[in-house]
Amino acid sequence: MSAESEAEWADEWAGEEDDPDSDGGEGQTDGDEDDGDEESQPPPGPPATPPAPATPPTGSTLQWSHFRVVATPPRAGGEDAQIGYTRAGSGQFTFDVPTVLLVDGMYYASWGSYSAGMVYSVRFNPATSWVVRGNQDAGLLEHERLHLLIAEYVAQKISAKYPTISGHGSGAALTREEALSKARADAAAQLKARFDQVVAEWARIDTAVQTRYDAQTMHGSDPFNQLWWKDDYKAEVDKEFPVGP
Amino acid sequence: MTNRIGFVILAVAGTAGVRVLSQDAPVVPADSPPAGELLCRLDRTVASPGQVVRLTGLIRADHDATVREVWHDAVRVAEYDPKAGRLKNLKAGLFYPVGPPGPEVFENLPMNSTTPGADGVMLWDVQTPRVKGLEFEFKPKQLGTFLIYAKWEFTTTRQQVEAPPVLLVVRPPMDAKGRPVARPEGLDKDAP
């Protein structure tokens, strides 16, 4: 299904119901609707999330206008800015043709599943990216951009390392249908477990490199190391992907 | 005999960490997050594909923590049967995970939302005297019944907390006579 027809379908269905709760907003919101029983005087809401651009910014195109502006750091003694992003993995999810054996009145089903052409990607998240008012300088923006560039490069490396993931399920039951259902659930669970392993490795590597980057550049306040990282961030990521035995 | 049974029940409750309150003690509603725990809510439990659903994760306001990473996961517990024109519950052993999760099931519900490094902080979307939390608005795309799980990782300590799952039923809209209007796009195309 094309993205266009997908959007038409969703819009049409959403439009059929006259629902005042469905405001059609995207991303995180100001949170003043769900907590009526929690307070008598709601405090001022958090800073608004900038509208999601049609094409999310990348590490090369990111600007301060993409960030939420806050008056003070959300954590005492914290940084002046922070970037946030989401991770996602997608691919062509397929089940093989199952096999079913009948032995002594019991059905044994076996089913393979795999996802080929896996692409792991990151996307800038305006809801979790913020800057303290007055700190929108070029040097700090450069630092935040490099966080995103590092994340994008780690995602590329993971995509290259794990282009296909697979799982295999089996199930036994007194009926053919139930044996197949068990095998399918097992195959889906195995595939998801494999996916979770890959994502855990991805998150571990990303966090390790990003933590090193922040420590060595002192969150961007060391211009010498900031420049060094700008030139060599790929080599730093590559260290986490050793080649060969 | 009755007293002895009552004593045993209280003893078991005590070992499980349950406080037995007197009748005069103030009681906080059970849908408030317990100390140290994460609790999630949906603003609706039944939706049609394309409708906006809001997931709110909450911790107590006095919980001295900030969030650096959020994970979402889902398990399908019912499938849409196009022939019968209704959702069909799966037996408990036949539940299966949605995944690898992607926007084809829940648009805009991030599998993982993160901040780089160990000391990232997400801004709270909800802040009241009792709770603070994060909100995610998303659109279900496929028919079915789902258990949605959320897990947060706190800043610095890297402690992870997982909320009890919330249930979302995604049904087709109905025509004027109450008949479901299911479209092929709403079916799980990955289901064998």
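Chain B has one helix and 13 strands, where helices are DSSP runs of H or I with at least four residues, strands are DSSP runs of E with at least two, and both are numbered from the N terminus. The model is predicted: local features need pLDDT of at least 70 and side-chain atom pairs count only at pLDDT 80 or more, while totals for chains, interfaces and linings use all residues. Residues are numbered from 1 along each chain as its sequence is written, and chains are lettered from A and ligands numbered from 1 in the order in which they are written.

**Chain B**

Select chain B and colour by secondary structure. Along the sequence the pattern is α-β-β-β-β-β-β-β-β-β-β-β-β-β. Of its 192 residues, 45% are buried; a residue is buried if 20 or more other C-beta atoms lie within 10 Å of its own, exposed if 12 or fewer, and partly exposed in between, with C-beta atoms placed from the backbone. Among contacts between residues at least 6 apart in sequence, 71% join residues at least 24 apart. Two residues are in contact if their C-beta atoms, placed from the backbone, lie within 7 Å.

Next, select A35(B), in the loop between α1 (2-15) and β1 (39-42) of chain B. A35(B) counts as exposed because it has 8 C-beta neighbours inside 10 Å. Add L55(B) to the selection: A35(B) and L55(B) are 20 residues apart in sequence, and their C-alpha atoms are 20 Å apart in space.

Move to L90(B), in the loop between β5 (86-89) and β6 (96-97) of chain B. With 18 C-beta neighbours inside 10 Å, L90(B) counts as partly exposed. Leaving aside residues up to four places away in sequence, L90(B) touches V77(B), A78(B), E79(B) and F95(B). One of these, E79(B), is 11 residues from L90(B) along the chain, and their C-alpha atoms are separated by 7.1 Å.

The last stop in this chain is N108(B), in the loop between β7 (106-107) and β8 (112-114) of chain B. N108(B) is not a glycine, yet has a positive phi of about 80°. N108(B) is partly exposed, with 17 other C-beta atoms within 10 Å.

**Chain A**

Switch to chain A, which has four helices and seven strands. Its pattern along the sequence is α-β-β-β-β-β-β-α-β-α-α. Of the 245 residues of chain A, 34% count as buried. Residues 24 or more positions apart account for 75% of the contacts in chain A with a separation of 6 or more.

Select D104(A), in the loop between β4 (99-103) and β5 (106-124) of chain A. The phi of D104(A) is near 50°, a positive value in a residue other than glycine. D104(A) is exposed, with 4 other C-beta atoms within 10 Å.

**The helices α2, α3 and α4 of chain A**

Now select α3(A), residues 176-217. At 1.5 Å a residue, the 42 residues of α3(A) should span 62 Å, and its end C-alpha atoms are 61 Å apart, which agrees; the expected span is 1.5 Å times one less than the number of residues. Just after α3(A), M218(A) takes a positive phi of about 50°.

Add α2(A), residues 138-161. The axes of α2(A) and α3(A) come within 10 Å and cross at roughly 150°; axes are lines fitted to C-alpha atoms, for helices over the stretch in contact, and angles run from 0 to 180 degrees between N-to-C directions. The two helices α2(A) and α3(A) are therefore roughly antiparallel, the term for angles over 145 degrees. The crossing of α2(A) past α3(A) is right-handed, that is, the near helix is turned clockwise from the far one by less than a right angle.

To see the contact, show H143(A), H147(A), I150(A), A151(A), V154(A) and I158(A) in α2(A), which meet V198(A), W202(A), I205(A), D206(A), V209(A), Q210(A), Y213(A) and T217(A) in α3(A). These residues divide into nine nonpolar, four polar and one charged. Ala, Val, Leu, Ile, Met, Phe, Trp, Tyr, Cys and Pro count as nonpolar, Asp, Glu, Lys and Arg as charged, and the others, Gly among them, as polar.

Finally, replace α2(A) with α4(A), residues 223-238. The axes of α3(A) and α4(A) come within 11 Å and cross at roughly 160°, so α3(A) and α4(A) are roughly antiparallel. This crossing, of α3(A) past α4(A), is right-handed. V209(A), R212(A), Y213(A), Q216(A) and T217(A) in α3(A) meet N225(A), Q226(A), W229(A), E236(A) and V237(A) in α4(A). The contact of α3(A) with α4(A) comprises four nonpolar, four polar and two charged residues.

Methods. Parallel < 35°, antiparallel > 145°, perpendicular 65-115°, else oblique.
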